[in-house]
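Work through the exercises below with the sequence and the model open. Try each task before reading its solution.

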Amino acid sequence: QVQVAESGGGLVQSGGSLRLSCAASGTTTSIVAMGWYRQAPGKEREAVAMISAGGNTIYTDSAKGRFTISRDKAKNTMYLQMNNLKPEDTAVYYCQIRGSSTYWGQGTQVTVSS
């Protein structure tokens with residue numbers, strides 16, 4: 001079992017920055033990848049970025065050039081640095097951890113005002 005806890009969301013003006021954190025606990029040795037997803041009101045949940053256990057990263061087009069995903073293995077924590085935020089980035093951001101099963105956090109709200 002892996003427990004997931006996100007933090008770092010909040011309200012920011014357009015052009016601002018936020019850093020999200022996702023802390024994993026439990027059987028973390030089974031983790032093969034970690035990722036960020038988001039869900040805006042009335043829309044489906046979508047992928048934002050992912051990082052493998054080996055450190056390889058993947059970004060969706062909406063995140064490229066503005067967001068950076070990283071992982072501190074010693075702390076079992078993943079981060080999403082979000083710069084130049086836009087109102088369309090407003091969503092609940094979820095952490096996903098893939099191991100023996102797939103685990104989700106409870107989500108953290110990010111609101112970008114224009």
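Four exercises follow, each with a worked solution. The model is predicted.

**Exercise 1. Take stock of the fold.**
Task: State how many helices and strands the protein has, and what pattern they follow.

Solution:
- Count the elements. The protein has zero helices and 11 strands.
- Read along the sequence. The pattern is β-β-β-β-β-β-β-β-β-β-β.
- Look at sequence separation. Take contacts between residues at least 6 apart in sequence; 53% of them join residues at least 24 apart.

**Exercise 2. Judge the overall dimensions and surface.**
Task: Compare the radius of gyration with that of a compact globule of 114 residues.

Solution:
- Start with the expectation. For 114 residues, a compact globule would have a radius of gyration near 13 Å.
- Now the model. The protein has 13 Å, which agrees.
- Add the box. Along the principal axes, the C-alpha atoms fill roughly 40 × 25 × 20 Å.
- Turn to the surface. About 5800 Å² is exposed, and carbon and sulfur atoms supply 47% of that area.
- Check burial. Of the 114 residues, 39% are buried.
- Finish with charge. There are 11 positive and 7 negative charges, and their mean positions lie 6 Å apart.

**Exercise 3. Place strand E4.**
Task: Explain why E4 (residues 33–39) is described as largely enclosed, then find its partner strands.

Solution:
- Use the cut-off. A residue is buried when its relative accessible area is under 20%.
- Apply it. Six of the seven residues of E4 are buried, so the strand is largely enclosed by the rest of the structure.
- Find one partner. E5 (residues 46–52) runs antiparallel to E4, joined by six bridges. Met34 pairs with Ile51 of E5.
- Inspect the turn. The hairpin of E4 and E5 has six residues between the strands. There, Gly42 takes a positive phi near 80°.
- Find another partner. E9 (residues 91–98) is also antiparallel to E4, with seven bridges. Arg38 pairs with Tyr93 of E9.

**Exercise 4. Examine Met50.**
Task: Decide whether Met50 is buried or exposed, and list what it touches.

Solution:
- Locate the residue. Met50 sits in strand E5.
- Test it. Met50 has 18% relative accessibility, so it counts as buried.
- List contacts, leaving out residues up to four places away in sequence. Met50 touches Ala33, Met34, Gly35, Tyr37, Asn56, Thr57, Ile58, Ile69, Gln96 and Arg98.
- Sort some by strand. Among them, Ala33, Met34, Gly35 and Tyr37 fall within E4 (residues 33–39). Gln96 and Arg98 fall within E9 (residues 91–98).
- Check one distance. Met50 and Ile31 are 19 residues apart in sequence, and their C-alpha atoms are 13 Å apart.

Notes. Residues numbered from 1 in each chain as written. Predicted model: local features only at pLDDT ≥ 70, side-chain atom pairs only at ≥ 80, totals over all residues. Heavy atoms only, no water. Helix = DSSP H or I, 4+ residues; strand = E, 2+ residues; numbered from the N terminus. Rg over C-alpha atoms; globule rule 2.2 N^0.38 Å. Buried < 20%, exposed > 50% of the residue type's maximum accessible area, 1.4 Å probe, protein only. Contact = heavy atoms within 4.5 Å. Areas by Shrake-Rupley, 256 points an atom, 1.4 Å probe, with all protein chains shown as cover. Lys, Arg positive; Asp, Glu negative; His and termini not counted. Charge placed at Lys NZ, Arg CZ, Asp CG, Glu CD. Pairing = 2+ DSSP bridges.
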